[in-house]
Amino acid sequence: MQKRVFITMLIIVLSLTGLTQNVFFKTINFLETNEVNTWPFNVFEEDGGYVATGTFYKYSGWHLFIIKFDNLGDTLWMKTVRIGYPHEGSTASGTNGKKLFTVHDSIFLFDNEWNHTSLAPLQGIPHPRKVSILADGNYLFDNRIASNHHTLVKVNSETLEIIWTSEPLIQDFHLGDGSGFTINSILEMSNGEIVVVTGNYYSLTYGPEYYGSTIFRIDVSGNIQNTFLDPDVSNPFSYIDGDNLISLTSAGNSFALTTHSSNGETINSFNLPDKPYGRSPFNFTKDGDDLIVLEYNHVPNNIPMYLEAYRQGDLLWTTEYTLTSLYDYISPYYV
């Protein structure tokens, strides 16, 4: 579950050597102390390190923040763009320098260095949520029709014309009128097949109850090949590694990073260390043998965001964020 949290200053905790922690602290005062509502989205592996993205609320509007880290978690630069109201947008980074962010029925486009270049409308996709950039450079959007009904829409990245719309993705469980799902990941296999990983829920009087994940396998034309429902394990985020699927999995309060083969067999898995109350893994990326995990903490007056690097289950380094706003790094212009 994505939760909005508060950020105040950035502390970098680095490991200087492989599997042993030689730790020091670096404080970067790029933010002021006023409270701001913040929501992390994605983390990407890119040349020279990683990029973490999210949104924050300031000056009666939402902004996208983009932070570039080197391979040890040290901050290289930070950029922001005012986006108005983000709805349930997501960022995507792909080949050929294509990067974008969804908001309402439009997309913000960026160059290869994450400089904002343009805002473009999306015709025929009224409710874009998740987005993925495919190997051919085109975009694949999750279009939410209803809480229990989504479609995938492939869009030409140059003309923004629709190439195809998938068969309806309908939930395969029925636990009451309030049931539904979110699309957590849109992934492309080496053969062009699409894998969609969902988060399922149903509503109770006191809020949503989560009901594992569904995996949809979809061919290159948008036709559903098969689905698999696991009601006990949630996959908040997944990653394609060759023909295998690596997932951040959760069951109860326990989290693990698990690798599955294309037929669903477990290849390996390691548990992440137990976290304090309110802190949970949120997203991750892969860099060689290293797994870079983005975490959040929704408990007020606590550290709300982390990046952690693991190699074969061993923690290499941790980057921590504390309470702050993004005042000093707001764009000089507004779009």
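## Leu 160 and Trp 114: positive phi in two loops

In this predicted model, Leu 160 lies in the loop between strands S13 and S14, where its phi is near 65°, a positive value in a residue other than glycine. With a relative accessible area of 17%, Leu 160 falls under the 20% limit and is therefore buried.

Trp 114 likewise has a positive phi, of about 65°, although it is not a glycine. Its place is in the loop between strand S9 (106-110) and strand S10 (116-121), and at 1% relative accessibility Trp 114 counts as buried.

## Aromatic contacts

The structure holds nine aromatic pairs. One of them joins Tyr 50 and Trp 317, whose ring centres are 6.3 Å apart and whose planes stand at 45°, so this pair is classed as tilted. Because Tyr 50 belongs to strand S4 (residues 49-58) and Trp 317 to strand S28 (residues 314-322), the contact ties together parts of the chain that are 267 residues apart in sequence. Tyr 50 and Trp 317 are both buried.

Trp 114, described above for its phi angle, also takes part in a cluster, in which ring pairs link it with Phe 44 and Phe 110. A contact of another kind is found at Trp 77, where Lys 79 lies over the face of the ring, at 4.5 Å from the ring centre.

## Salt bridges

Side chains of opposite charge can pair when their charged atoms come close, and a search of the whole structure finds six salt bridges. Among them is the bridge between Lys 98 and Glu 158, with the closest N and O atoms 3.5 Å apart. Lys 98 sits in the loop between strand S7 (91-93) and strand S8 (99-103), while Glu 158 sits in the loop between strand S13 (149-155) and strand S14 (162-165), so the pair ties together parts that are 60 residues apart in sequence. The loop of Glu 158 is also the one that holds Leu 160. The two partners have opposite settings, since Lys 98 counts as buried at 16% relative accessibility, whereas Glu 158 is exposed, with a relative accessible area of 62%.

In another bridge, the side chains of Asp 136 and Lys 154 meet at 2.9 Å, N to O. This pair links distant parts of the chain, with Asp 136 in the loop between strand S11 (128-133) and strand S12 (139-146) and Lys 154 in strand S13, 18 residues apart. Asp 136 is partly exposed, with a relative accessible area of 45%, but Lys 154 counts as buried at 12%.

Glu 193 and Arg 217 also form a salt bridge, at 2.9 Å from N to O. Glu 193 lies in the loop between strand S16 (180-188) and strand S17 (194-204) and Arg 217 in strand S19 (residues 213-218), so that distant parts of the chain, 24 residues apart, are linked. Glu 193 counts as buried at 17% relative accessibility, and Arg 217 counts as buried at 17% as well.

## The second largest pocket

About 1,000 Å³ of space lies in the second largest pocket. Its lining consists of 38 residues, of which Phe 44, Ser 93, Gly 94, Ile 133 and Tyr 239 lie nearest the centre; Phe 44 is also a member of the aromatic cluster with Phe 110 and Trp 114.

The elements that give two or more residues to this lining are strand S3 (38-46), S7, S11, S16, strand S21 (234-241) and strand S25 (279-287). By residue type, the lining divides into 16 nonpolar, 13 polar and nine charged residues.

Technical notes
Residues are numbered from 1 along each chain as its sequence is written. This is a predicted model: local features need pLDDT of at least 70, side-chain atom pairs count only at pLDDT 80 or more; totals for chains, interfaces and linings use all residues. Side-chain values use heavy atoms; hydrogens and water are left out. Rings of Phe, Tyr and Trp (its six-membered ring) pair if their centres lie within 6.5 Å; planes under 30 degrees apart count as stacked, over 60 as edge-to-face and the rest as tilted. Helices (H or I, at least four residues) and strands (E, at least two) are DSSP runs, numbered from the N terminus. Buried means under 20% relative accessible area, exposed over 50%, partly exposed in between (1.4 Å probe, protein chains only). A charge sits over a ring if NZ of Lys or CZ of Arg is within 6 Å of the ring centre and within 35 degrees of the ring normal. A salt bridge is a side-chain nitrogen of Lys or Arg within 4 Å of a carboxyl oxygen of Asp or Glu. On a 1 Å grid over the protein atoms alone, a cavity is a set of points where a 1.4 Å probe fits but cannot get out, and a pocket is an open set with protein on both sides within 12 Å along at least five of seven lines; lining residues have an atom within 4 Å of a point. Grid points are joined across faces, edges and corners, and a volume is the space filled by probe spheres set on the points. Ala, Val, Leu, Ile, Met, Phe, Trp, Tyr, Cys and Pro count as nonpolar, Asp, Glu, Lys and Arg as charged, and the others, Gly among them, as polar.
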